[in-house]
Amino acid sequence: MKTELLGMGMYIAGEWITKEETIPVLNPQDNSFITSVPAASAEDMLFAIEKAKEGAKIAAAMPVHQRISILNKAANYINENKEEYAITIAEEGSKTILQARAEVKRCIQTLQISAEEARRIQGETIPFDQREGSENRVGYYYRFPIGIIAAITPFNDPLNLVAHKVGPAIASGNAIIVKPATATPLSALLLAKAFEAAGLPPKVFSVITGHGGEIGDILITHPDIRMVSFTGGLETGENIAHKAGLKKISMELGSNSPVIVLKDADFEDAVESTVSGAFYAAGQNCLGVQRVYIERDIYDEFCSSFVARTENYQVGDKMLETTDMGPMISEKEAIRVETWVNEAVSKGAKILTGGKRQGAYYSPTVLVDVPEDCTIAQQEVFGPVVLLYAVDDFASAIEKSNAVNYGLQAGIFTRDIERAFEAIEKLNVGGIMINDSSDYRIDGMPFGGVKGSGLGREGVKFAIQEMTEPKVVNFKLNYKRTV
Ligand code: NAP
């Protein structure tokens, strides 16, 4: 299928703008050409911001029932065209067609939840008379939209992670400019198409395509942008945070998530969940399982079962429903993963299975005995590689889990409720999954990390909090309260 977006350009304030200078969008499976998108210039970005200034006023004035109706219409539009959306995600990114369909379903839900949350943006009355001298005052606060939000998004969930910024922004009466990942801009453009069809006032939402390193600074540093909502890698996030200046920032960054498996766990369930959590979307998943700490008594058996299940994984053509895992996003990324694995092996790690690369494909890889000073033990691998470690006890599993500069989500498999509660208390992460791998999320839960994994929370309702500010209203009454 050649996407209908061919030649449509980028979406700025309701116009599909084409440019002479373009960026090719390639299918990472075979580097085949899908289409091209405009390479936006600094002027295009400034134009989009100017339009968004008007858009912010329009968005803030939009009654809540209209926001709800537009969000639901956009969700319905995507549902009616869901296969086109899924094919686009699968073609431009590295998800399989089944994983892409699941992402489309989640995107629809994200927009529906945004519609629901729009009616729940509330304030509170304030008891001003708690302070002496304020007896004759009454008032409240309500939440108001902050203005223009800049959304910068990654390649790995090219539709739903954009919806996680656009849905809450529209629900809360803000304007939004999206700069999608250059590798996967088409899904974000399709999202714009859904909002155009839903009747969103044009200046409220733009999707501008181009290299982040070239046009990002204008968006990040512009004084009219009131919030930068970023999802991507730690290094890029830190760079953006340094430049953003006096504006809100929300940082959804990476991780190298730990999972603890205790000897009382449901063994089969633990193996199945951690294998799937490690290799979903070729490991290019911010919640992906990277480090598994297994109680020594069950370690050997766990390793054998894990390897057997991994070797059953079907790696191949993304568009086949029988494929479990496709390519990485690019050959360059697969080479990076290969280099990290080779470094670990040179320091004493063993490959139990995998460790092979062909173009952008890197085979599902299981490593043991990885020294803790290796890059792959400390950094986010963002590829299909998992590290299995034996641990002597629960305390050392907790200590090792926390001994990195990331903290997005963690998992623990155990039937012991005391241990589960201790893990909840001691693991330094944004979310803990009991008897699930770190790779579990629904779109309505608070989502985000600590340490190098980020700042702030998404998950519609929580993103809305970040995208709004309280405004206090105080009425001074001139009559005396009497009994
Ligand atoms: P990335 O390289 O950090 O890029 C993310 C976005 O930032 C892209 O749109 C990129 O544009 C843009 N960008 C790059 N340099 C920029 C600059 N100097 N100024 C402004 N924007 C700039 O990340 P990625 O490789 O696409 O995605 C993988 C990362 O995202 C992983 O670390 C993963 O864990 C993280 N992630 C986190 C979450 C979460 O919710 N916590 C979810 C998914 C992914 P270009 O593409 O044009 O360079």
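Mentor: A polar contact is a pair of N or O atoms within 3.5 Å. The model to which we apply this criterion is predicted.

Trainee: Which backbone oxygen does the side chain of Gln409 reach at 2.9 Å?

Mentor: The side chain of Gln409 reaches the backbone oxygen of Ser438 at that distance. A second partner is the backbone oxygen of Tyr440, which the Gln409 side chain also reaches at 2.9 Å.

Trainee: Where is Gln409 found with respect to the strands?

Mentor: Gln409 belongs to strand S19, which covers residues 409–413.

Trainee: Is Gln409 buried or exposed?

Mentor: Buried means under 20% relative accessible area. Gln409 has a relative accessible area of 1%, so this residue is buried.

Trainee: Which residues does Gln409 touch, not counting residues up to four places away in sequence?

Mentor: With that exclusion, Gln409 touches Ser257, Pro258, Leu287, Val429, Gly431, Met433, Ser438, Tyr440, Met445 and Phe447. Ser438 and Tyr440 appear in this list, and their backbone oxygens are those reached by the Gln409 side chain.

Trainee: Let us turn to the cysteines. How many disulfides does a search of the whole structure find?

Mentor: In general, a disulfide is a covalent bond between the sulfur atoms of two cysteines. Here the search of the whole structure finds 0 disulfides.

Trainee: Why is the sulfur of Cys107 without a bond to the closest cysteine sulfur?

Mentor: A disulfide requires sulfur atoms within 2.5 Å. The closest cysteine sulfur to that of Cys107 is in Cys286, 16 Å away, and therefore too far for a bond.

Trainee: Are Cys107 and Cys286 buried or exposed?

Mentor: Cys107 is buried, with a relative accessible area of 0%. Cys286 also counts as buried, at 16% relative accessibility.

Notes: Residues numbered from 1 in each chain as written. Predicted model: local features only at pLDDT ≥ 70, side-chain atom pairs only at ≥ 80, totals over all residues. Heavy atoms only, no water. Helix = DSSP H or I, 4+ residues; strand = E, 2+ residues; numbered from the N terminus. Buried < 20%, exposed > 50% of the residue type's maximum accessible area, 1.4 Å probe, protein only. Polar contact = N/O pair within 3.5 Å; in protein donor to acceptor, adjacent residues only side chain to side chain. Contact = heavy atoms within 4.5 Å.
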